[in-house]
Amino acid sequence: MSADNELTAKLQRRLNINEGDEEPSPNSHVFNPYTEFKEFSRKQIKDYEKMFKTYDVDRNNLIDFNELKLMMEKLGAPQTHLGLKAMIKEVDEDNDGAISLREFLLIFRKAAAGELHEDSGLGKLAELAEIDVDKEGVKGARDFFSAKIEEQSKGARFEAEIKAELEEKKREAEERKMRRQAFKEKQAAFMSA
């Protein structure tokens with residue numbers, strides 16, 4: 001198959017999927033927390049991700065039973081064996097007996113939506129995480145116009161966060177450049193002496 005024919009076939013398949021005439025392959029879903037969890041800011045998602053990685057001791061991108069037990073103990077809310085199993089079961093969508101990053105983010109989505117009991121393990125986890133989760137999303141808006149305004153402000157906030165991150169990286173790069181220049185000047189002075 002030539003490159004043109006292959007590209008045409010891929011584009012046709014994408015068009016069919018977008019039109020609803022064809023289903024995407026089950027393994028084609030790529031998880032992007034920023035697009036799936038729009039109710040959280042980029043900083044919040046990064047904070048949740050950092051917390052997730054802190055307790056993912058074996059670095060397999062899952063928090064298993066023992067890691068969840070350790071997490072809850074360190075957060076000061078130890079759970080019983082059955083309590084831990086219930087916590088995993090409540091968000092374990094793929095039934096693998098562990099919590100993925102997506103499922104971890106679901107905990108905070110459910111907490112923000114008020115779907116968790118405060119005395120449940122997941123409720124305590126969300127409460128103890130001490131990350132400011134937006135209490136009201138578009139779903140909580142009273143009418144269409146306030147929902148529209150809120151959605152637009154989220155987009156602006158998202159763009160502002162990206163700009164701030166880029167400015168921070170630019171500033172750090174400039175500092176590194178200045179330190180290198182100062183080092184070269186000192187090195188030149190040392191070599192000429």
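**Helix contacts and aromatic rings in a predicted model**

In this predicted model, Phe 104, Ile 107, Phe 108 and Ala 111 of helix H6 make contact with Leu 122, Leu 125 and Ala 126 of helix H7.

Reader: Happy to start there! How do the residues of the contact of H6 with H7 divide into nonpolar, polar and charged?
Author: On the H6 side the contact has Phe 104, Ile 107, Phe 108 and Ala 111, and on the H7 side Leu 122, Leu 125 and Ala 126. Phe, Ile, Ala and Leu each count as nonpolar. The division is therefore no polar, no charged and seven nonpolar.

Reader: Are H6 and H7 roughly parallel or roughly perpendicular to each other?
Author: Helix H6 covers residues 101-112 and helix H7 residues 121-128, and their axes are 9 Å apart. The packing angle is about 90 degrees, and angles of 65 to 115 degrees count as roughly perpendicular. H6 and H7 are therefore roughly perpendicular.

Reader: Thanks! Now to H4 and H5: which residues in H5 are met by Phe 65, Leu 68, Lys 69 and Met 72 in H4?
Author: Helix H4 spans residues 65-74 and helix H5 residues 81-91; their axes come within 10 Å and cross at roughly 110 degrees. These two helices are therefore roughly perpendicular to each other. The contact of H4 with H5 has six nonpolar residues, one polar and two charged. On the H5 side the residues are His 81, Leu 84, Lys 85, Met 87 and Ile 88.

Reader: Where does Lys 85 lie with respect to Phe 65, and at what distance from the ring centre?
Author: Good one to look at in the structure. Phe 65 in H4 and Lys 85 in H5 both belong to the contact of these helices. Lys 85 lies over the face of Phe 65, and its distance from the ring centre is 5.6 Å.

Reader: Which ring does the charged end of Arg 42 sit over?
Author: Arg 42 begins helix H3, given as 42-55. Its charged end is 4.5 Å from the centre of the ring, and that ring belongs to Tyr 34.

Reader: Let's turn to the aromatic pairs. Is the pair of Phe 31 and Phe 37 stacked or edge-to-face?
Author: The structure holds six aromatic pairs. In the pair of Phe 31 and Phe 37, the ring centres are 6.2 Å apart and the planes stand at 80 degrees. Planes over 60 degrees apart count as edge-to-face, so this pair is edge-to-face.

Reader: Which residues form one aromatic cluster with Phe 31 and Phe 37?
Author: The two rings differ in accessibility: Phe 31 is partly exposed at 27%, whereas Phe 37 is buried at 0%. The cluster also takes in two residues of the contact of H6 with H7, Phe 104 and Phe 108. Besides these, its members are Phe 40, Tyr 48 and Phe 52.

Reader: What about the backbone: is Arg 59 buried or exposed?
Author: Arg 59 is in the loop between helix H3 and strand S1 (62-63). Its phi is positive, at about 55 degrees, although Arg 59 is not a glycine. With a relative accessibility of 56%, Arg 59 counts as exposed.

Reader: Last one, and thank you! What is the phi of Asn 95?
Author: Asn 95 is in the loop between H5 and strand S2 (99-100). At 65% relative accessibility this residue counts as exposed. Most residues other than glycine have a negative phi. Asn 95, which is not a glycine, has a positive phi of about 50 degrees.

Methods
Residues numbered from 1 in each chain as written. Predicted model: local features only at pLDDT ≥ 70, side-chain atom pairs only at ≥ 80, totals over all residues. Heavy atoms only, no water. Axes fitted to C-alpha atoms, helices over the stretch in contact; angles between N-to-C directions. Helix = DSSP H or I, 4+ residues; strand = E, 2+ residues; numbered from the N terminus. Parallel < 35°, antiparallel > 145°, perpendicular 65-115°, else oblique. Contact = heavy atoms within 4.5 Å. Phe/Tyr/Trp six-rings, centres within 6.5 Å; stacked < 30°, edge-to-face > 60°. Buried < 20%, exposed > 50% of the residue type's maximum accessible area, 1.4 Å probe, protein only. Lys NZ or Arg CZ within 6 Å of the ring centre and 35° of its normal.
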